[in-house]
Amino acid sequence: MARKFFVGGNFKMNGTKESIKSIIKNLNEAKLDPNVEVVIAPSHIFLPIAVDAVTASNVAVAAQNVSNKPNGAHTGEVSVSQLKDIGVNWTITGHSERRAAGESDEEVALKTKAAIDGGLSVIWCCGESLEEREAGKTVEVVEKQLAALAEKVSGDDWKKIVIAYEPIWAIGTGKVATTEQAQEVHAAIRKWLRTNVSDSVADETRILYGGSVTAKNCKDLAKQEDIDGFLVGGASLKPEFVDIINSNQ
Ligand SMILES: O=C(COP(=O)(O)O)NO
């Protein structure tokens, strides 16, 4: 099954107007593999700038989070319709940094469903802590997160979901998962989809790896059967992001 390679750039709470424009200019001018789907996720306040600045045909803009409420008295939140209104068609949900801030599996699933119902595509994140991995609970944790998602989404919703497996112990630490560690969990996620959703969802859903991905380690990871791309943090702010985008060549 040929799944289109996908690379997301999660800029997190970084950057200025000028630095975001400079990163996007570099992407617009770079020789990007045309067979790769690229999504960049700057802070909310820079989304309009990013939407206006992107000219590369295979690059889209995502929010890093979204409310599951339609609109109204939710100070500090951003709604699905507001993102659509400014030309944003993607959002990340369930990043471990949001889950650490208190978002439950159910809330993440509700955000994901609301985003899809409102016309967005979603990069849905999952992953275990170091303690959970050391306790041998990695797959159990990820399956619990998947089960919460599958409670709220169904049918064609899955066509709008890209899954990102991001072991918390690898995020921002420089301790990238080994190819074996990453492939093992990606295969478990695909098996869970096959068992609990359908063969077509299992075959078609892109499963990204995230956690200390760099230009140095991306090629070996990209060779793994069930790794369909990356969700990149720190390295997405650097010129090496282009090498990561082109890592499947
Ligand atoms: O959080 C991450 C990964 O961050 P790093 O690449 O900096 O480990 N992606 O969403």
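A salt bridge is a side-chain nitrogen of Lys or Arg within 4 Å of a carboxyl oxygen of Asp or Glu. By this rule, the count for the structure in your viewer comes to 19 salt bridges. Keep in mind that this is a predicted model. We will visit some of those pairs after a look at a helix and the core.

**Stop 1: helix α1**

Select residues 17–29, which make up helix α1. At 1.5 Å a residue, these 13 residues should span 18 Å, and the end C-alpha atoms are 18 Å apart, so the two values agree. Now color Ile20, Ile23, Ile24 and Leu27, which are buried in α1. Where do the buried residues fall when you look down the axis of α1? They lie within an arc of 95°, so they line one face of the helix. A general rule helps here: an α-helix has 3.6 residues a turn, so residues three or four places apart point the same way. Next, add Glu18 and Glu29, exposed residues on the face of α1 turned away from its buried side. To find the packing partners of the buried residues, show β2 (36–41), α2 (47–53) and α11 (241–245).

**Stop 2: isoleucine 40 and the core**

Click on isoleucine 40. Leaving aside neighbors within four places in sequence, its contacts include Ile24, Leu27, Val54, Val61 and Phe241. Isoleucine 40 is also one of the residues with the most contacts inside the largest nonpolar core, which has 63 residues. Others to select from that group are Val7, Trp124, Ile163, Ile189, Tyr209 and Phe230. Which helix gives this core its largest share? Select helix α8 (residues 179–196), which supplies five residues. Apart from this core lies another, of 12 residues, with Ala41, Trp90, Ala164 and Leu208 among them.

**Stop 3: serine 96**

Move to helix α4 (residues 96–100), where you will find serine 96. Is serine 96 buried or exposed? With a relative accessible area of 14%, it is buried, because buried means under 20%. Not counting residues up to four places away in sequence, serine 96 touches Ile168 and Ile171.

**Stop 4: pairs of opposite charge**

Side chains of opposite charge can pair when their charged atoms come close. Start with lysine 113 and aspartate 157, whose closest N and O atoms are 2.9 Å apart in a salt bridge. This pair links distant parts of the chain, 44 residues apart: lysine 113 sits in helix α5 (residues 105–117), and aspartate 157 in the loop between α7 (138–152) and β6 (161–165). Lysine 113 is partly exposed at 23% relative accessibility, whereas aspartate 157 is buried at 10%.

Next, select lysine 159 and glutamate 204, which form a salt bridge at 3.9 Å, N to O. Lysine 159 is in the loop between α7 and β6, and glutamate 204 is 45 residues away in helix α9 (residues 199–204). Lysine 159 is exposed, with a relative accessible area of 59%, and glutamate 204 is partly exposed at 39%.

**Stop 5: a salt-bridge network**

Finish with arginine 190 and aspartate 228, whose side chains meet in a salt bridge of 2.7 Å, N to O. Arginine 190 belongs to helix α8, and aspartate 228 to the loop between α10 (218–222) and β8 (229–232). Both residues of this pair, arginine 190 and aspartate 228, are buried. Now add Arg3 and Asp226: together with Arg190 and Asp228, they are linked in a network of salt bridges.

Key: Residues are numbered from 1 along each chain as its sequence is written. This is a predicted model: local features need pLDDT of at least 70, side-chain atom pairs count only at pLDDT 80 or more; totals for chains, interfaces and linings use all residues. Side-chain values use heavy atoms; hydrogens and water are left out. A nonpolar core is a set of buried Ala, Val, Leu, Ile, Met, Phe, Trp, Tyr and Cys residues joined through side-chain atoms within 4.5 Å. Buried means under 20% relative accessible area, exposed over 50%, partly exposed in between (1.4 Å probe, protein chains only). Helices (H or I, at least four residues) and strands (E, at least two) are DSSP runs, numbered from the N terminus. Contact means heavy atoms within 4.5 Å. The expected span of a helix is 1.5 Å times one less than its number of residues. The arc is that of the directions from the helix axis to the C-beta atoms.
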